[in-house]
Amino acid sequence: MKVAKLARLDLDPETIERTTEQLAGMLEHFADIDALDLRDVQPMNQPYPLVNVFREDIIVAGLDRTEVLAAAPDADDGRFRVPPILGLDS
Amino acid sequence: MSTPTNALTAVQIAAGVRSGQLKAVDVLEQHLARIDTREGEIHAFNLVLADQARAAAAAIDAAVAAGNDPGPLAGVPVALKDNMCTHGVPTTCSSKILDGWKPPYDATVVSRLNAAGAVTVGKTNLDEFAMGSSTENSAFGPTRNPHDITRVPGGSSGGSAAAVAAGFASVSLGSDTGGSIRQPAALCGVVGVKPTYGYVSRYGLVAFASSLDQIGPFTNTVQDSALLLDVIGGHDPMDSTSIPAAQPSLMAALDQGVEGLRVGRITDLPEGADPDVVERLEAAFDALRAAGATIVDVQVPAFSYGLTAYYLIAPAEASSNLARYDGVRYGLRVNAADTNAMYGVTRAAGFGEEVKRRIMLGTYALSAGYYDAYYGKALKVRRMIADDFDRAYQQADVLLTPTSPTVAFPFGAKGDNPFAMYLCDVYTIPTNLAGHPGMSVPFGTGAGGLPVGVQILAGTLGEPQMFRAGAALERAMGAAK
């Protein structure tokens, strides 16, 4: 339930129950790494050693604003339009 | 059914079109005719772009007639997995949440294919957001295996694999996060390559797990895969994880043979492959030995922990990447009283069950109090796997394993047990974690006459050795026919 809320997924109770069961089953399978001694192992976040990538500060064309806004569910006056943000949060 | 006997390879098509001996429009019409005949039962595509393709093919022929060279893929019909952005052309990821979305730009691979003279025939079906191993998890219905339509084509790039196997396209592109190119290639009897992480630009590939995703080709021949990678590979400033160095031509590596190549057998490989698959793997070792390679035993002890590390890391990255589907900038919105409620109902309505499951698994693995126990630990196991592979590659140039533990399985065979489906990728996943290249080459048939693929793995940027071994296996199969 808490995870679904964190993931911004508004699920019905039945789905939450089924998913909780499935996730618990998976976490049991994942217990195979618990026995490993990982104290001296460095975590690996990505496969290729990355250095900061710099580039020349050259102005290039961005995406076409009209085209981007045309793909939005709701747009108004050159901006994305969303439902109220404040005051109604349950 | 097998590849149509009159089919030319992509290399032959491009050579014919460039020299004026073949017309790109004729090549295209042959492929469109096959789509007309069989697409109804296969469902490889989310979208067929017949008109756009006809215009592109006509432009190629006009360029040749005017004395210009359209490029190394001149007139080659190509299909694109529907998670690659195409400017103004719908890109859905087989998800309701992106249904109808038209990207405002082309992925780098799409630009490079177009610049090389390729003709895009359509966008192919996939497991939603590339999460799955059977293409059953598509919001638009499953793709069927051209060799047996009661069976899955594999996944997640099942549409791209089926499109090449059925002769709908000469070649196609897929993406591989844990085996999503190699496994469907094996199940559909075509060649599939996942390059080294960073070999091909991910710019414009809709992200699933950014530290694992790579784009690669599906083709009928090893040489066609080399040609395609020579076109789409190489540095791209738009992808900060793109390898900055120039890559050697893989087309040039193919002729070198395997004399002296050290081929590793992983003695502690996880068990579970079916006997017919193991038999083909043994035949592949024999074929490479006969071609002059040396077979050596190696160990990769952490290989068997790949599945666990992957199913913590990939969902964790996915839960973060898929946060962008919020009903604000593109795709589906389900209205609600306030923005926070709108997020929840939009995402619940737009994502399919497997995607939701992985988002929740990833959210859990990253959440306060569980981060160290799950995600943090998985990253350390990932390091162990990469280190074990690196040690193995001191003794061997390439490693040989099954691609998939089984041949193509019937629809619904994995039931609603997610873990049973995850086991399909037990042999492909560790390579993604290490960032290494891998390819699947068709090597005969197993149970029911269905295709079996053999997987060739290599170390970072070991593509030339991998392609040499792949070409040798292909030659051995050709000689046996």
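Trainee: Which residues of H7(B) are buried?

Mentor: In this predicted model, the buried residues of H7(B) are Val222(B), Gln223(B), Asp224(B), Ser225(B), Ala226(B), Leu227(B), Leu228(B), Leu229(B), Val231(B) and Ile232(B). That is ten of the eleven residues in helix H7 (residues 222–232) of chain B, so the helix is mostly covered. Gly234(B) follows H7(B) and has a positive phi, near 105 degrees.

Trainee: How do I read a helix in which fewer residues are buried? Which residues of H11(B) are buried?

Mentor: The general idea comes before the case. An α-helix has 3.6 residues a turn, so residues three or four places apart point the same way. In H11(B), the buried residues are Met342(B), Tyr343(B), Thr346(B), Arg347(B) and Gly350(B). They cover an arc of only 115 degrees around the axis, which puts them on the same side of H11(B).

Trainee: What span should the twelve residues of H11(B) have?

Mentor: Count 1.5 Å a residue: H11(B) should span 16 Å, and its end C-alpha atoms are 16 Å apart, which agrees. The check also works for helix H16 (residues 463–480) of chain B, where 18 residues should span 26 Å and the end C-alpha atoms are 26 Å apart. Among the buried residues of H16(B) are Glu463(B), Met466(B), Phe467(B), Arg468(B) and Leu473(B).

Trainee: Where is Leu461(B), and what is its phi?

Mentor: Leu461(B) sits in the loop between strand E11 (451–458) and H16 of chain B. Its phi is positive, about 60 degrees, although Leu461(B) is not a glycine. Leu461(B) is partly exposed, because 19 other C-beta atoms lie within 10 Å, and a buried residue needs 20 or more.

Chain A has a case to set beside it. Arg8(A), also not a glycine, has a positive phi of about 55 degrees. Arg8(A) lies in the loop between helix H1 (2–6) and helix H2 (13–29) of chain A. With 22 C-beta neighbours inside 10 Å, Arg8(A) counts as buried.

Trainee: Which two residues does the cis peptide bond join?

Mentor: Read omega. The bond between Gly155(B) and Ser156(B) is cis, with omega about 10 degrees. Ser156(B) belongs to the loop between strand E3 (119–124) and helix H5 (158–165) of chain B.

Trainee: How do I judge the overall form of each chain? What is the radius of gyration of chain B?

Mentor: Compare the radius of gyration with that of a compact globule. For the 481 residues of chain B the globule value is near 23 Å; chain B has 21 Å, which agrees. Buried residues make up 63% of chain B. Of its contacts with a separation of 6 or more, 77% are between residues 24 or more positions apart. Chain B holds 16 helices and eleven strands.

For the 90 residues of chain A the rule gives 12 Å, but the radius of gyration is 23 Å, so chain A is more spread out than a compact globule. In chain A, 11% of the residues count as buried. Its elements run α-α-α-β-β from the N terminus.

Trainee: How many residues does each chain bring to the contact?

Mentor: Chain B gives 55 residues and chain A gives 46 residues. Helices H10, H11, H12, H13 and H14 of chain B each supply at least two residues of the side that touches chain A. That side of chain B divides into 29 nonpolar, 15 polar and eleven charged residues.

Trainee: What does UniProt list for residues 26–465 of chain B?

Mentor: The unreviewed UniProt entry lists "domain: Amidase" there. In the model, residues 26–465 of chain B are 38% helix and 14% strand, and the end C-alpha atoms of the span lie 36 Å apart.

Definitions and conventions:
Residues are numbered from 1 along each chain as its sequence is written. Chains are lettered from A and ligands numbered from 1 in the order in which they are written. This is a predicted model: local features need pLDDT of at least 70, side-chain atom pairs count only at pLDDT 80 or more; totals for chains, interfaces and linings use all residues. Two residues are in contact if their C-beta atoms, placed from the backbone, lie within 7 Å. Helices (H or I, at least four residues) and strands (E, at least two) are DSSP runs, numbered from the N terminus. Ala, Val, Leu, Ile, Met, Phe, Trp, Tyr, Cys and Pro count as nonpolar, Asp, Glu, Lys and Arg as charged, and the others, Gly among them, as polar. The expected span of a helix is 1.5 Å times one less than its number of residues. A residue is buried if 20 or more other C-beta atoms lie within 10 Å of its own, exposed if 12 or fewer, and partly exposed in between; C-beta atoms are placed from the backbone. The radius of gyration is taken over C-alpha atoms; the globule rule is 2.2 Å times the number of residues to the power 0.38. The arc is that of the directions from the helix axis to the C-beta atoms. UniProt positions are given in the numbering used here, feature names are shortened, and annotations may be inferred rather than shown by experiment.
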